[in-house]
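Please open the structure in your viewer and keep the selection tool at hand, as each stop on this tour begins with something to pick out.

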Amino acid sequence: MLTSPQGQLPICLADKSEKKAILRFYKAQHYSARFIGLDSCYVIKKDQHIIASVIISKIQPSNKQNLLHALVVAQAYRGQGLASHLLQYITQQSANLVCFAKAELAPLYSKHGFTALAANQANSVLSSELFKRYQKYQTKQPTLTIFTRANKAAFINYT
């Protein structure tokens, strides 16, 4: 457990009993999130209410890449460093992270050691499972950027 920048709000690994509350949080933020594999969800709460969350998914047990998705901070708490705090924590907990996000989020991700990849690198860098997922997401959001954080050897020749 790590405390937030304000020093009072810890980051907690959610347990399965919190799944419905987590999904309600995302819905309230107008964000379509779901659990997609072997998931770990980290949350920040204030007064027992989730105010920020992120999900790390391993699509298949053999996949060495972890998908970081659904990084969301409640509207009332944005601009307080909570997304950065979650990213800092996650990068300490998980290796070989991949994220598909809007290009305007590049400063946030690069600040935490992520590198943006060109779309034409996706097939050679992503595991086959994540490449399929990227293609699926891209049909709805064609301008998504792939961000990775790992040593280069972890991302070579997964196809």
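Begin by selecting F25, Y26 and Y31, which are linked into a cluster by ring pairs. The model you are looking at is a predicted one, and it holds seven aromatic pairs in total.

For a further aromatic pair, select F100 together with Y137, whose rings meet edge-to-face with 5.8 Å from centre to centre and 75° between the planes. Because F100 belongs to strand β6 (residues 97–101) while Y137 belongs to helix α5 (residues 128–140), this pair ties together parts that are 37 residues apart in sequence. With a relative accessibility of 12%, F100 counts as buried, whereas Y137, with a relative accessible area of 26%, is partly exposed.

Next, pick Y109 and F114, which also form an edge-to-face aromatic pair, with 5.3 Å between the centres and 75° between the planes. Both Y109 and F114 are buried. If you leave aside residues up to four places away in sequence, Y109 touches L68, L71, L87, C99, A101, F114 and F147.

Two of those neighbours, C99 and F147, lead on to the strands, since C99 has F147 in β8 as its bridge partner. Colour β6 and β8 and you can follow their antiparallel pairing, which runs over five bridges. Then add strand β7 (residues 115–117), which runs antiparallel to β8 and is joined to β8 by three bridges; here L117 stands opposite I146 in β8. How many of the five residues of strand β8 are buried? Four of the five residues in this strand (residues 145–149) are buried, so β8 is largely enclosed by the rest of the structure.

Now turn to the largest nonpolar core, which has 22 residues, and select Y42, I44, L68, L86, I90 and Y109, the residues with the most contacts inside it. At least two residues of this core come from each of β3 (38–46), β4 (49–58), β5 (66–73), α2 (82–93) and β6, and the largest share, five residues, is supplied by α2.

As a last stop, select I36, F100, L126 and F131, which are among the 14 residues of another core lying apart from the largest one. F100 brings you back to the earlier pair, where its ring meets that of Y137 edge-to-face.

Conventions:
Residues numbered from 1 in each chain as written. Predicted model: local features only at pLDDT ≥ 70, side-chain atom pairs only at ≥ 80, totals over all residues. Heavy atoms only, no water. Phe/Tyr/Trp six-rings, centres within 6.5 Å; stacked < 30°, edge-to-face > 60°. Buried < 20%, exposed > 50% of the residue type's maximum accessible area, 1.4 Å probe, protein only. Pairing = 2+ DSSP bridges. Core = buried A, V, L, I, M, F, W, Y, C linked by side-chain atoms within 4.5 Å. Contact = heavy atoms within 4.5 Å.
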